[in-house]
Each structure stands twice: as structure tokens, then as C-alpha cells.
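Reader: I'm new to reading protein structures. Please pick one part of this one, look at it closely with me, and then show me what surrounds it.

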Amino acid sequence: MIAFDYNTATPRIGVYICHCGINIAGKVKVDEVAAFAKTLPHVVKSCDYKFMCSDPGQELIQQDIRELGLNRVVVASCSPLLHEPTFRKACADAGLNPFFFQMANIREHVSWVTPDKEAGTEKAKALVAAAVERVQHNRPLEKKQVPVNANAMVVGGGIAGIHAALTLANSGKHVYLVEREPTIGGHMAMFDKTFPTLDCAACILTPKMSDVKNHPNITLWSYSEVEQVEGYAGNFKVKVKRKPRYINEESCVGCLECVDACVFKTPRFDNEFDLGLKKRKPVYMPFPQATPTVVTVDPKTCLQLSKGKCAQKCAEVCPKDCFDFTQTETYEDVDVGAIILATGFQVFDGKRIPKYGYGKYENVYSSLEVERLVNASGPTQGELVLKNGEKPKSVAIIHCVGSRDHKTNKYCSRVCCMYSLKLAHLIKERTEAEIYNFYIDMRTPGKGYEEFYDRLLEEGVHFIRGRVAEVSDWAMTPEEKGKLIIRAEDTLIGMPRRIPVDMVVLSVGLEAHKDADEVRRKFNISCSHEGWFHERHPKLAPVSTATDGIFLAGACQGPKDIPDTVAQAGAAAAEAMAMIDKGVVELEPNTAYIDEELCCGCRTCVGMCPYSAIKADEALGIAVLNEALCKGCGTCVAACPSGAAQQNMFTDQQIFEELVGVLNYV
Amino acid sequence: MSYLYYPGCSLKSTGIGYEESILQVFKTLHTPLEELDDWNCCGATAYMAVDELKAYALASRNLALAEKQCPDDPVVDVVAPCAACFLVLYKTQQYLAKKNGKDLQIKQALKDVGLPYKGKVRIRHPLDVLLNDIGLEKIKNHVKQPLKGLRVASYYGCQMLRPYATFDNPDNPQSMDQLIEAMGGEVIDWPLKTRCCGASLTGTVEEVGLRLSYILLKEAENRGADVIATACPLCQFNLECYQDRMSQLYHDKVNMPVVYFSQLMGMAFGSTQKDLGLQRLFVPLEPALAAK
């Protein structure tokens with residue numbers, strides 16, 4: 001390490017202006033900025049270079065540190081989120097404390113958002129001047145290393161969460177799998193077949209579900225939700241709320257005698273798993289292969305729980321004495337090193353597009369409802385019938401409902417073309433109905449997907465290219481009477497068409513859960529305006545998030561089919577393992593500190609600190625900060641009336657000097 | 001709160017029953033409409049296609065006049081009952097609010113003739129004012145003769161909510177339905193609420209225009225409607241005035257009263273036929289009422 005007294009040594013600053021190809025150079029005169037930087041005090045070297053992040057770019061900095069004796073480095077390039085670690089490491093490798101490096105963002109903050117090259121150049125100069133001022137007041141800091149907890153948590157028990165949990169558990173990590181519903185399995189458990197191979201969803205999913213239940217390294221908390229997350233990568237403290245089932249989960253074996261005995265003789269409440277197409281009793285198991293194989297009592301419909309009065313036949317017949325109507329919410333606190341979010345998606349509500357008649361005409365179904373109808377264990381044992389019990393003779397499948405639509409969701413939901421083909425096949429197989437697919441574009445990229453589309457064309461399914469204008473019961477001829485009339489433009493023949501059908505299936509798109517924003521706040525990650533969780537980098541860090549130690553898998557990050565979901569879940573598990581197996585994490589040294597000379601002992605900061613990291617020392621009459629607990633939020637720094645509370649990397653002096661740099665220039 | 005009223009050409013001619021009934025209804029509700037002084041043609045939809053800038057300038061003069069008439073109001077609400085006037089004026093108001101350079105040109109032109117425009121005008125449809133400013137509760141209090149048993153097909157037409165859905169759902173509008181139900185009438189369920197009536201095609205490519213109107217009238221009849229309620233003078237004209245010709249053309253007797261929603265409201269409020277312009281109908285409403 002280069003040793004010098006930073007309090008007295010004259011700063012020797014190197015400034016490097018990156019072109020980033022034409023990303024920056026297209027809107028900033030980089031040579032002019034470099035020439036300008038040379039005129040700033042203490043700047044020993046200033047130049048521009050095509051790609052500073054490349055090996056030769058980094059080498060340039062290191063060579064200058066060695067040969068010119070630089071003791072401060074400024075790179076003006078992209079966002080620090082992208083390459084600050086790169087340049088810090090380059091400095092450290094050349095023997096300079098990495099915190100003597102300062103970055104000026106002239107790409108995201110200048111070239112990408114400034115149309116005028118003159119203005120861009122001026123702004124870039126101001127930002128470089130600011131960084132040059134600031135870097136002179138940077139201090140050498142050391143990163144702290146802390147050990148990593150070897151346990152992991154997976155949130156969400158769909159196929160993504162199941163696969164990630166099993167992968168981690170198989171590698172010897174202990175996994176806490178938290179699922180909000182009474183059973184794991186997610187959306188995949190609702191499907192009959194999966195595209196393009198048409199293998200039975202249950203046959204490939206349920207063995208994995210039972211592996212989860214039986215795995216010695218997995219603790220499964222179903223009917224539970226994450227309540228609170230504290231800590232940081234490697235050392236998260238998670239509080240999980242376990243909702244009361246009113247059943248002793250350990251002793252229940254799922255014999256269902258209680259369900260038979262329930263005072264409600266016939267099921268009359270909507271079974272959520274069957275989207276209300278099938279009814280259940282207040283005590284129920286969502287479906288026969290539910291995991292864990294235990295019943296749940298719904299407090300809203302159970303007479304004992306809602307009215308406080310019932311003969312409790314269920315409890316009476318239970319051979320294992322599992323019922324406990326006094327159960328309340330309980331909480332589990334666990335420490336984990338890594339968290340994988342696999343919270344999935346919800347489907348678009350067809351009612352939001354009134355012109356398609358969902359909720360108005362009884363034979364208009366959502367695609368997820370049809371998944372249940374064609375499922376052998378579904379409400380009709382796999383028979384696809386109309387509300388009057390007859391088989392449909394003609395079915396319309398409307399693609400892109402709630403996708404590729406500027407009024408609802410602009411994005412393509414990616415899975416609908418393929419699942420529409422699958423449903424078309426299954427419906428045709430079971431009813432021999434004429435099937436009309438109304439599509440905007442057929443999107444079938446994927447292994448075996450285009451071939452599946454070909455197969456459907458061979459099977460005689462009709463494809464009409466055009467967005468449907470409306471579904472109505474407006475019959476213009478006697479033949480149309482009693483049918484649902486589809487009106488659409490057939491863009492291939494350039495004519496409007498009316499097609500009467502018996503049943504309409506809306507291929508609804510995928511959406512982020514309605515509480516996605518609440519969830520992402522809990523885990524301190526960001527999401528797109530549609531609610532999809534943001535990956536750290538769309539290409540190079542697709543399963544990481546901006547918060548270290550939190551990873552993403554499956555459709556919570558964006559619409560995805562099962563093969564992609566499983567691949568991503570495996571990747572997330574691998575990344576989590578890599579972090580855990582490294583054994584330690586490095587923490588940014590951005591903690592606060594109290595200048596004892598300045599502290600007047602007013603205790604303002606003590607009450608403000610959200611992490612209880614500051615205590616008042618009665619004997620000394622000053623505040624004392626515990627660095628291990630400090631998260632670097634800066635609250636105390638802002639609150640301190642005497643300026644005694646300061647934060648590493650963000651001292652008042654550093655921020656003021658940065659301002660001075662800008663103001664001197666402008 | 002007072003409202004300025006922009007009649008446009010139709011409400012002074014073919015659609016005079018709309019004017020009479022709208023003014024009567026608002027009078028009953030103690031919310032008088034004051035006519036805009038010296039108003040001029042809105043340009044309708046045709047002028048926009050000929051010369052956009054001049055079309056905007058023409059319509060803008062009305063907005064500037066409205067500000068001049070109410071100099072002290074922070075917001076000037078102009079009620080435009082005709083669907084085409086409403087659309088054009090609303091579009092113009094939006095256009096002037098957008099800083100695109102052209103707005104300055106138009107504003108300068110207005111200033112040169114002594115009509116500076118600051119941008120205080122809001123263009124409102126009477127359905128919007130009735131539902132959202134006055135409110136169903138207050139309206140219900142004025143109902144004296146409920147439209148009991150009258151089955152109404154509420155017909156919104158194409159322009160009122162498209163492309164600017166300012167106060168109702170453009171796919172499945174409800175505002176007129178709510179008013180009619182508040183009057184004690186029964187609204188039929190029909191999917192043609194916003195389907196084209198033929199508009200100006202009736203005057204240019206008659207067979208296409210008539211066919212479109214005929215579809216609407218027939219479907220309303222099939223679904224058991226006694227009367228169609230409209231909120232657009234062109235829709236009312238197309239649907240009502242050509243029924244004889246349709247009967248001939250399609251060998252099918254067409255006989256469906258077509259009225260303005262405001263005429264139905266006035267009837268429920270107990271206003272006279274004459275006050276509401278009902279005597280002007282070509283297809284009288286009496287037989288339908290007599291059967292109730």
C-alpha cells in the first residue's frame with residue numbers, strides 16, 4: 001500500500017474521461033473536458049480514453065499511480081452503480097487506498113439525458129470539477145468483513161421457490177421456505193398440461209412438492225408471510241408471521257374426516273384454488289396433493305370462528321385431536337445469509353376490459369379458469385362444458401387480454417401465445433369444437449415452441465390475425481341467436497368479421513402482485529412501474545438485486561414460462577450459494593461517527609437512530625456510536641445540531657467541497 | 001357556480017329540442033345556463049381535416065369569448081351539449097394547454113382582435129355536470145313523475161367519450177344509464193351503446209349510413225326498448241328522421257321514438273311537452289307512454 005500522510009501530502013490527482021464508445025463521446029466533447037480538467041488545481045494528469053473500464057483503461061490508471069505518484073483518482077464515466085467497484089479495485093491493485101477514488105457520472109446524468117452537445121460538455125465539466133474538489137477531501141477507509149450466515153430463505157412456494165429451495169437444500173444449506181397460501185405449488189399446480197411437450201403438470205410438480213416436505217434441510221412454513229426484514233447481506237434477521245390454521249399442523253395427516261363431518265353438509269364457499277369454480281367447506285384442503293397435507297380452517301366462513309357457535313363436529317371426529325380454535329398468529333425469528341424472492345405473479349382481471357364481457361356473459365372464461373376446467377382433478381373432472389352442461393361446438397380464444405395494450409399493460413406477457421395453443425389443443429381434444437384464435441402476432445420463440453404452433457395448424461385450429469373489438473350477445477341473424485358474437489378485424493384479408501361462438505376464453509396476461517410494492521419495500525429492493533422486481537443488471541446480473549444478498553427467481557421479476565423460471569431459480573440458488581460459501585461479506589465503510597470534541601450531549605441523535613446504534617454515555621456526557629449496528633442511513637448526521645455526527649464517505653466537508661467545485665465552474 | 005352554455009349550430013336548428021330540454025332541465029335544477037355571447041361555429045370535425053391551424057383558431061375564439069364573459073372566475077366552465085361541439089372544443093382546449101408553439105400563434109391572433117386567452121376554460125358535457133357537479137341525489141329530489149316502466153336504450157354515440165373519456169368509461173359508459181334509472185326508467189342491456197349511427201354518411205353514402213342506423217334501431221327493438229335516448233343532435237337526427245325510408249328499404253316496419261336524455265329528464269321533472277320540445281318529434285313518444 002502506498003503510504004503518505006493524507007493530511008499534509010499535496011494531492012496529486014489523475015482525471016480520466018471515458019468515451020464509453022459513443023455513449024458519452026456522442027454528446028460530450030471528451031477532449032475538451034480532459035483539457036479543462038488539466039487546468040484544475042492539483043491535477044497532475046488528465047486524458048480521455050475510449051473505454052476506461054476495459055483492461056487497458058484500468059492499466060492506464062495503475063501505470064499513472066506508479067509512475068506519476070498519483071494519490072487521488074477521478075474517473076468521469078458511467079453510474080457508480082455500474083463501475084465504481086471496478087475502478088476502486090484498479091486503484092487498490094496499484095496500491096492506492098480505494099477510497100481515494102471518486103467517480104463523476106457523465107453518462108446517465110449527462111450524455112444520455114442531454115440532447116445538446118454544448119450543454120452536455122458544460123455539464124460534464126462542472127461534474128468533473130466537483131469530483132476533483134471532493135476527492136481532495138476523501139479519507140482512506142477500510143472495508144469491514146463479516147461472516148455469512150449459512151442458512152437461506154426462499155419466499156414463495158411456486159415452481160420457482162420450490163426449485164430454488166431444493167437446489168440450496170441439496171447443497172447442504174438449510175432453507176426456510178415461506179409460502180403465503182395453505183399449500184405450495186403456486187400457479188403450476190393449477191395447470192393440467194404444460195407446453196410444448198404436453199406433460200402433465202401434476203406429474204412433474206407434485207414429486208418436487210413432496211421432496212420439499214421431506215427434505216431434512218428444508219423448513220416449510222406455509223400459510224405464512226414475511227413480516228419484517230432487518231440486517232444486511234450475509235446477516236439478515238427475518239420475522240415470519242404464521243397465520244393460524246386452527247389445526248395442529250404437526251399431527252394432522254390429511255385424513256379429511258373433519259371435512260366430511262363439517263356441519264355444512266355441502267361445500268358452498270368458493271375454493272380459491274379452483275378460482276371459485278368449485279366450492280369448499282370452511283375446513284378444507286385446497287386440492288388432494290396439497291403440501292403440507294393438512295387441512296386449514298377458514299376463519300371467515302367457519303361458524304365457530306366467525307359466530308362463536310357451532311357443534312364442532314369436525315373436532316369431534318378428528319382421530320388425532322388436531323383442532324384448536326384458540327390458535328392465534330405466531331411469529332418466527334430466523335437469521336439467514338441470503339434471501340431468494342420467488343413471489344410470482346397474478347393474472348390480469350378480465351373485468352378491466354368491459355368490451356370482452358367477462359363477468360357479464362357466463363360463458364366468457366379467463367384462461368386460468370379454463371386451466372382448471374380441463375384439469376382432471378378440477379371442478380368438472382376435466383370435462384369442458386358450457387354453463388348449461390353441454391359441450392361447446394365453437395370456442396374463441398382471444399390473445400393479449402391485458403398485454404400489449406396501451407390502456408392496460410404495454411408489455412408482452414410472453415406465455416400467452418403458447419398457453420393459448422396448449423388450451424386450443426386440449427379443448428379440441430376434449431370437445432372437437434371449432435377453435436378460433438384471435439392474435440396480434442404469434443410469439444413462439446423457444447425450444448419446440450414453433451413446432452407446437454405448426455402442430456396446431458395441422459390440427460385445424462383457426463388463426464385470425466386481429467385484435468378483437470368486442471364480445472357481445474348482439475345477434476344479427478337467427479343462426480347467431482344465443483351465441484357470443486366476436487367482432488374483429490381480420491387484418492390478413494383486410495375485412496371486419498363476425499364470428500358466433502359458444503365459449504370465449506380470454507388469454508389474460510401476467511401482472512405483478514397487487515402488493516408487490518409493499519413486498520419490495522420490505523426487502524429493500526426496487527421495482528419497475530408495473531411492479532416487476534428489478535434485477536441488478538438486465539444482462540449480466542439477472543438474478544441479483546441492487547440489495548446484496550437478495551436474489552430473484554421466476555415471474556416476480558417479469559413474465560416467464562416454466563422452463564425459464566426453473567432455469568432462473570437454479571441461477572438464483574447458485575448465486576446465493578456462491579455468496580454463502582465465500583464465508584464473508586465486505587461492508588461499505590459508510591458508517592457514521594461522532595466527533596467527541598463537538599458533541600454537546602444533547603441526545604437528539606439517540607432517539608432518531610432507527611437501529612439503536614447510538615447510546616448516550618452518562619459519564620462523558622456525549623453520544624457514543626456502535627459501528628457494528630450502524631447502517632449508514634445518515635439520519636443522525638442530518639439531525640445533529642452541532643455537526644458532531646458525521647458519516648464516512650459523506651462528510652459535510654466532502655459534500656460542501658463538491659458543491660464548491662460545481663459553483664466555481666458555473 | 002354558474003355555467004356558460006355553448007349551443008353550436010345544431011341546437012339552434014335540427015336539434016332545437018335538445019336546447020329547449022337542456023335549458024329547462026338546468027332551470028329546474030336551479031343551475032341556470034347562460035348563453036355564450038357572440039359564439040361562432042366550432043368547425044365541427046370536418047374543418048380539422050381541411051386546415052388544422054385555422055380550425056383550432058376558429059374554435060379557440062369561443063374559449064376566449066368565454067373568458068371575456070366571466071373575467072373574474074378562476075375557472076370558466078363551458079357546457080357543450082352537442083357531441084361534436086364538445087369534442088372539438090375539448091380538443092382545442094387541450095391543444096392550447098400544450099406548449100407546442102402553435103398555441104402561441106393562435107393566442108397572438110386572438111390577442112390581435114382583443115380576445116386574450118389565459119387558459120381558464122374547461123369544456124364540460126351536460127351529463128358530466130349533472131352527475132358530478134349536481135349529483136344524483138339532488139336530481140332525484142326533483143322527480144315528480146317517474147318514468148315508471150319505460151324501457152330505455154341509452155345511446156351515447158361515438159364522439160362523446162372517444163378519444164377523450166373525460167367522465168365515463170368509453171367501452172361501457174354508464175352516466176346516462178344512471179340518470180335514466182334515477183328518473184325511474186328502466187335501462188335495457190345492449191352492447192351497441194357507442195356504435196356508429198352513420199353520422200354524416202347518411203348525407204353522403206346514404207345506403208351505408210341508413211344501414212348503420214337501422215342496425216341500432218332494430219337491436220333496440222329486439223331487446224324490448226320503448227325509446228332510444230341520445231346525447232347528440234346528429235345521432236338523434238339520423239336515428240329518427242329516416243325511419244320511413246328504412247322501412248321501405250329493408251321491408252321492415254321501423255317505429256322507434258328517439259329522444260334526448262334531457263327530454264326524458266324534463267318529463268320526469270314534470271315540465272310540459274312544449275317546454276321540452278317534445279312536440280317536434282317525428283316519431284311520437286305518446287304511444288309508448290300510453291301503453292305503460
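Author: Let's begin with a term: helices (H or I, at least four residues) and strands (E, at least two) are DSSP runs, numbered from the N terminus. Counted like that, chain A has 19 helices and 34 strands. What you see is a predicted model, where local features need pLDDT of at least 70 and side-chain atom pairs count only at pLDDT 80 or more, while totals for chains, interfaces and linings use all residues. Residues are numbered from 1 along each chain as its sequence is written, with chains lettered from A and ligands numbered from 1 in the order in which they are written.

My pick for the close look is helix α1 of chain B, made of residues 16-28. Start with its length: the expected span of a helix is 1.5 Å times one less than its number of residues. For the 13 residues of α1(B) that gives 18 Å, which agrees with the 18 Å between its end C-alpha atoms.

Is this helix enclosed or open to the outside? We need a cut-off here: a residue is buried if 20 or more other C-beta atoms lie within 10 Å of its own, exposed if 12 or fewer, and partly exposed in between, with C-beta atoms placed from the backbone. Ten of the 13 residues of α1(B) are buried, so the rest of the structure largely encloses this helix. Follow them along the chain: B:Gly17, B:Tyr18, B:Glu19, B:Glu20, B:Ser21, B:Ile22, B:Leu23, B:Gln24, B:Val25 and B:Phe26 are the buried residues.

Which elements do they pack against? A contact means that the C-beta atoms of two residues, placed from the backbone, lie within 7 Å. On that basis, the buried residues of α1(B) pack against two strands of chain B, β2 (33-35) and β8 (258-260), and against the helices α6 (126-134), α11 (233-241) and α13 (261-269) of chain B. Just after α1(B) comes B:His30, whose phi is positive, at about 55°.

Another histidine in chain B is worth a visit. B:His251 has a positive phi of about 50° although it is not a glycine. B:His251 is in the loop between α12 (243-250) and β8 of chain B, and β8 is one of the elements that α1(B) packs against. B:His251 counts as exposed because there are just 7 other C-beta atoms within 10 Å. Chain B also has a cis peptide bond, from B:Arg162 to B:Pro163, with omega near 5°. You will find B:Pro163 in the loop between β5 (151-154) and α8 (175-182) of chain B.

Now let's step over to the partner chain. Six residues of chain A are in contact with six residues of chain B. The chain A side of this contact has two nonpolar, one polar and three charged residues; here Ala, Val, Leu, Ile, Met, Phe, Trp, Tyr, Cys and Pro count as nonpolar, Asp, Glu, Lys and Arg as charged, and the others, Gly among them, as polar. Chain A has 666 residues, of which 44% are buried, and its C-alpha atoms fill a box of roughly 90 × 70 × 40 Å along the principal axes.

What lies inside? A nonpolar core is a set of buried Ala, Val, Leu, Ile, Met, Phe, Trp, Tyr and Cys residues joined through C-beta atoms within 7 Å. The largest such core has 135 residues, and A:Ala164, A:Ala165 and A:Ile340 have the most contacts inside it. Helix α13 of chain A (residues 416-431) gives the most to this core, with nine residues. A second, separate core of 88 residues takes us back to chain B, with B:Leu96, B:Ile180, B:Leu210 and B:Tyr260 among its members. Beyond its neighbours up to four places away in sequence, A:Ala164 touches residues including A:Val154, A:Ile340 and A:Ala573.

To finish, compare our helix with an open sheet of chain A, whose three strands run in the order β11-β12-β17 with antiparallel pairing. Two strands pair if DSSP finds at least two bridges between them. The strands β11 (224-232) and β17 (330-336) of chain A are at the edges with a single partner each, so each has one side without a neighbour in the sheet. Strand β12 (residues 235-242) of chain A pairs with β17(A) over seven bridges, and A:Lys241 stands opposite A:Tyr331 in β17(A).
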